[in-house]
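Here's a quick tour for anyone new to reading protein models. Take a look at the picture, then work through the points below.

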2 protein chains.
Amino acid sequence: MNISIDEAKIVASKLNYRHERGTVIAVLQDAETKEVLMVGNMDKEALILTLTTGLVHLWSLSRERIWLKGETSGHYQVVQDFKVDCDEDAVLLLVKSQGPVCHTGNHTCFYRNSKFFLEHK
Amino acid sequence: MNISIDEAKIVASKLNYRHERGTVIAVLQDAETKEVLMVGNMDKEALILTLTTGLVHLWSLSRERIWLKGETSGHYQVVQDFKVDCDEDAVLLLVKSQGPVCHTGNHTCFYRNSKFFLEHK
């Protein structure tokens, strides 16, 4: 999906950027397998870029800048659907991945369970 | 799932509580339908309570206290599986809901899309 800049601005104006550095929490979910892939932050500009280009953009808390997901790896995350939560401070992006979302090469960043941590104390 | 207090403390010690008020981000996903249900925050104590009781506990940023999800509604969220992301600042909880997760009565907090906001300017 991608929508016009005017529409994106309307949607973006409805959210509550109450999290760190004026952001909402963004959850990426594989549109097909429904796997949760990663969690990040989006400021208003990242959200508008995401909605208008159809490619996930995030606000990097560590680098303190807008970050096109896949800008170095080429593993862009293409938005298929977009949802907003009840108090408008989190968004859910259903995506089609053009490569692993995780810098480790795993399809999802959530690739370890509690057993892993108990076996690797 | 629920694990011993000693195991929970080991797992909890591995996480990076770098988000607001010393928390990790917690994503709740329906273990059966794979719907993403809500996003919240967990401090170390909430995480240990979640892992040992098998019921989702969160840190409420607005109320500034530990919050057993369902404590007033009775809609407890029973943990079936638990995952940690690559940089250990977010967790994913696969849950079986004992009632709607959202205070609006919807099964998921993510019940609105961009179209909703464009039709309700």
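Glu64(B) is partly exposed, because its relative accessible area is 43% and that class sits between the 20% limit for buried and the 50% limit for exposed. You'll find Glu64(B) in the loop between β3 and β4 (65–68) of chain B. Its phi is positive, near 50°, and Glu64(B) isn't a glycine. Keep in mind that this is a predicted model.

**Other loop residues to look at**

- Lys34(A) sits in the loop that runs between β1 (24–30) and β2 of chain A.
- Phi of Lys34(A) is near 70°, so here's a positive value in a residue other than glycine, and with a relative accessible area of 33% Lys34(A) counts as partly exposed.
- Gly105(B) belongs to the loop between β6 (90–97) and β7 (112–113) of chain B.
- Is Gly105(B) buried or partly exposed? Its relative accessibility is 48%, so Gly105(B) goes down as partly exposed.
- Pick out Asp85(B) as well: 20 residues along the chain separate it from Gly105(B), and the C-alpha atoms of the two are 29 Å apart.

**Chain A as a whole**

- Chain A has three helices and seven strands.
- Follow the sequence and you'll read them off as α-β-β-α-β-β-β-β-β-α.
- The radius of gyration of chain A is 15 Å, which agrees with the value near 14 Å that a compact globule of 121 residues would have.
- Measure-tape style, the C-alpha trace of chain A spans about 50 × 30 × 25 Å along its principal axes.
- Of the 121 residues in chain A, 52% are buried.
- Take the contacts in chain A between residues at least 6 apart in sequence: 46% of them join residues at least 24 apart.
- About 5400 Å² of chain A is exposed, and 47% of that comes from carbon and sulfur atoms.

**Helix α2 of chain A**

- Which residues of helix α2 (residues 44–53) of chain A are buried? They are Ala46(A), Leu47(A), Ile48(A), Thr50(A) and Leu51(A).
- The cover over the buried residues of α2(A) includes α1 (5–13), β2, β3, β4 (65–68), β5 (77–84) and β6 (90–97) of chain A.
- Right after α2(A) comes Gly54(A), with a positive phi near 80°.

**The largest pocket**

- The volume of the largest pocket is about 630 Å³.
- It is lined by 30 residues, and the closest to its centre are Asp87(A), Met38(B), Arg63(B), Trp67(B) and Lys69(B).
- Two elements of chain B, β2 (36–42) and β3 (57–60), give two or more residues to the lining of the largest pocket.
- β2(B) gives the most to that lining, with four residues.
- Sorted by class, the lining of the largest pocket holds 12 nonpolar, 11 polar and seven charged residues.

**The second largest pocket**

- The second largest pocket has a volume of about 420 Å³.
- Which residues lie closest to the centre of the second largest pocket? Of the 23 that line it, they are Met38(A), Val39(A), Trp67(A), Arg18(B) and Asp87(B).
- The elements giving two or more residues to the lining of the second largest pocket are β2 (36–42) and β3 (57–60) of chain A.
- β2(A) supplies the largest share of that lining, four residues.
- The lining of the second largest pocket divides into 11 nonpolar, six polar and six charged residues.

Definitions and conventions:
Residues numbered from 1 in each chain as written. Chains lettered and ligands numbered in written order. Predicted model: local features only at pLDDT ≥ 70, side-chain atom pairs only at ≥ 80, totals over all residues. Heavy atoms only, no water. 1 Å grid on protein atoms, 1.4 Å probe; cavity = no way out; pocket = protein on both sides within 12 Å on 5 of 7 lines; lining within 4 Å. Points joined across faces, edges and corners; volume = space filled by probe spheres on them. Nonpolar A, V, L, I, M, F, W, Y, C, P; charged D, E, K, R; others polar. Rg over C-alpha atoms; globule rule 2.2 N^0.38 Å. Buried < 20%, exposed > 50% of the residue type's maximum accessible area, 1.4 Å probe, protein only. Contact = heavy atoms within 4.5 Å. Areas by Shrake-Rupley, 256 points an atom, 1.4 Å probe, with all protein chains shown as cover.
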